[in-house]
Amino acid sequence: NISGGNISATSANLTTANVTGNVIIGSTTVTSGTVTTTATTPAQTIASFPVSGTTGIEYLVKGVDSAGSKYSVAKVVAVTDGTAVDYTVFATVNIGTVTGSSLQVVIDGAAVKLQVTPASSNSTVWTTQYNLV
């Protein structure tokens, strides 16, 4: 388990690693988070971070509906100049019906936010991994 420390090496072989927080590889930061939605309210934020210093974002989003009949995974790629953002949602796959009716990336103040409009009011767990470059 690694928490709050730094490891520096020219090479490393890891069989298992439990890391709390960000993983920084070169200039790329890999982070993940989990959010649960319980309403079909549009544009619910499932990932947010400061826009400063970030130009490219790659998201991998998993949605699992508590009823157990809906599962999805999607990939979202975005680019920002700090004031505007453009994005594409692609490679979405579902089992059952969709867990979310839309994914979008927006700038809200000084933050870049990944947002979803859930397809149902069932408790849906959204797990998001994102790479910032």
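**Strand 7 and Val 106 in a predicted model**

The side chains of Ser 72 and Thr 99 are joined by a polar contact of 2.5 Å (a pair of N or O atoms within 3.5 Å; within protein, one must be able to donate a hydrogen and the other to accept it, and residues adjacent in sequence count only if both atoms are side-chain atoms). This is a predicted model, in which local features need pLDDT of at least 70 and side-chain atom pairs count only at pLDDT 80 or more, while totals for chains, interfaces and linings use all residues. Residues are numbered from 1 along each chain as its sequence is written, and side-chain values use heavy atoms, leaving out hydrogens and water.

Confidence
- The protein chain has a mean pLDDT (the predictor's confidence in each residue, from 0 to 100) of 83, and 77% of its residues reach 70 or more.
- Among the elements of the chain, strand 7 has the highest mean pLDDT (95) and strand 1 (residues 2–3) the lowest (51); strands are DSSP runs of E, at least two residues, numbered from the N terminus.

Ser 72
- Ser 72 lies in strand 7 and counts as buried at 10% relative accessibility (buried is under 20% relative accessible area, exposed over 50%, partly exposed in between, with a 1.4 Å probe and protein chains only).
- Its contacts (heavy atoms within 4.5 Å), not counting residues up to four places away in sequence, include Val 61, Val 93 and Trp 126.

Val 106
- Val 106 is in strand 9 (residues 100–108) and is partly exposed, with a relative accessible area of 22%.
- The C-alpha atoms of Val 106 and Thr 83 are separated by 9.8 Å, with the two 23 residues apart along the chain.

Key: Helix = DSSP H or I, 4+ residues; strand = E, 2+ residues; numbered from the N terminus.
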